[in-house]
Amino acid sequence: MKGKTILVVDDDKNICELLDLYLSNAGFSRFFSHDGSTALNLLKEQKIDLILLDIMLPIINGWEVCKIVRSTSSIPIIMLTARDMLEDKIQGFDIGADDYIVKPFEPKEVIARIKARLKEKQVKPIREDGLLKTEDLIVDISKYEVWQGDSLIDLKPREVQLLHFLLNNKNIVFSREQLLDKVWNYDFMVDTRTVDVHIKRLREKLGERSTSWSIKTLRGVGYKLEVR
């Protein structure tokens, strides 16, 4: 990962100094900002490969920074937060965040997550000649499009990937850990609620009225896309 540049946006200078040490030891170039406005200016001036973004920031908060960045860029964004609330994570994923790290954190885990995100960005999306279909659902992974009947459904890239994987392995149950590994390509422990959030969003956006398929929850086990 040498040659990659990380932008750390956090108003806690002690956290910035700690991350500076670990990022430097890992071979990353670094930029630091203590408010959202300065961070946005840095993104215009510098080539940044990943953003570590605190939520509670002066001038422009992390939510707004994430929205602004995501409107023009697919750069990986890892949110830093002191609140381990599911609602916060849902909000973050909705506006385009890729991951969450809860404070206080272990610096080595931060480095591991950064490397995983950058490695993931280098992997080309899976492309297939055909489409995955049910009676009323079409998933085109080559275009990252999902159609339900005649309607194009507005899904985020990760949601499309998750739906594609489940449909490609229909009627097979996968644990949250397996889905993190297969869809997110994580090779270390991460909050499995990430999967729950994305499943919830898929259900909300696609609805649960289809007669040909449904996303089933097997309590204590995981999820499957059941095709009838």
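# Worked exercises: salt bridges, packing and backbone turns

K103 is buried, with a relative accessible area of 17%. Keep this residue in mind as you work through the exercises below, and remember that the model is predicted.

## Exercise 1: Follow K103

Find out which residue meets K103 in a salt bridge, and where the two partners sit in the chain.

Solution.
- Step 1. Look for the acidic partner: the side chain of K103 meets that of D54, at 3.2 Å from N to O.
- Step 2. Place both ends. K103 is in the loop between β5 and α5, while D54 belongs to strand β3. The two are 49 residues apart, so the pair links distant parts of the chain.
- Step 3. Check the burial of the partner. D54 has 5% relative accessibility and therefore counts as buried, the cut-off being under 20%.
- Step 4. Inspect the backbone beside K103. The peptide bond joining K103 to P104 is cis, with omega at about -10°. P104 is also placed in the loop between β5 and α5.

## Exercise 2: Two more pairs

Work out whether each partner in the pairs K47 with D49 and R113 with E109 is buried, partly exposed or exposed.

Solution.
- Step 1. Recall the principle: side chains of opposite charge can pair when their charged atoms come close.
- Step 2. Take the first pair. The closest N and O atoms of K47 and D49 are 2.9 Å apart. K47 is exposed at a relative accessible area of 62%, whereas D49 is buried at 11%.
- Step 3. Turn to the second pair, where the closest N and O atoms of R113 and E109 are 2.5 Å apart. R113 is buried, with a relative accessible area of 6%, and E109 is partly exposed, with 29%.
- Step 4. Explain the spacing. R113 and E109 are four residues apart in helix α5, so about one helical turn separates them. In an α-helix there are 3.6 residues a turn, so residues three or four places apart point the same way.
- Step 5. Set these pairs in context: the structure holds 13 salt bridges.

## Exercise 3: Helix against helix

Determine how the axes of α6 and α8 are oriented, and describe the residues in the contact.

Solution.
- Step 1. Locate the elements: α6 spans residues 157-168 and α8 spans residues 193-206.
- Step 2. Read the geometry. The axes come within 10 Å and cross at roughly 90°. The helices are therefore roughly perpendicular to each other.
- Step 3. Name the participants. From α6 come R158, E159, L162, L163 and L166; from α8 come H198, I199, R201, L202, K205 and L206.
- Step 4. Sort them by class: the contact has six nonpolar, one polar and four charged residues.
- Step 5. Look for another neighbour of α8. The buried residues of α4 pack against α8, and also against α3 and β5. Those buried residues are D88, K89, I90, G92 and F93.

## Exercise 4: Positive phi

Compare the surroundings of I59, N171 and G96, each with a positive phi.

Solution.
- Step 1. Start with I59, whose phi is near 70°. I59 lies in the loop between β3 and α3 and counts as exposed, at 69% relative accessibility.
- Step 2. Move to N171, with a phi of about 70°. N171 is in the loop between α6 and α7 and is partly exposed, with a relative accessible area of 39%.
- Step 3. Finish with the glycine: G96 comes just after α4, and has a phi of about 115°.

Notes:
Residues are numbered from 1 along each chain as its sequence is written. This is a predicted model: local features need pLDDT of at least 70, side-chain atom pairs count only at pLDDT 80 or more; totals for chains, interfaces and linings use all residues. Side-chain values use heavy atoms; hydrogens and water are left out. Axes are lines fitted to C-alpha atoms, for helices over the stretch in contact, and angles run from 0 to 180 degrees between N-to-C directions. Angles under 35 degrees count as roughly parallel, over 145 as roughly antiparallel, 65 to 115 as roughly perpendicular and the rest as oblique. Contact means heavy atoms within 4.5 Å. Ala, Val, Leu, Ile, Met, Phe, Trp, Tyr, Cys and Pro count as nonpolar, Asp, Glu, Lys and Arg as charged, and the others, Gly among them, as polar. Buried means under 20% relative accessible area, exposed over 50%, partly exposed in between (1.4 Å probe, protein chains only). A salt bridge is a side-chain nitrogen of Lys or Arg within 4 Å of a carboxyl oxygen of Asp or Glu.
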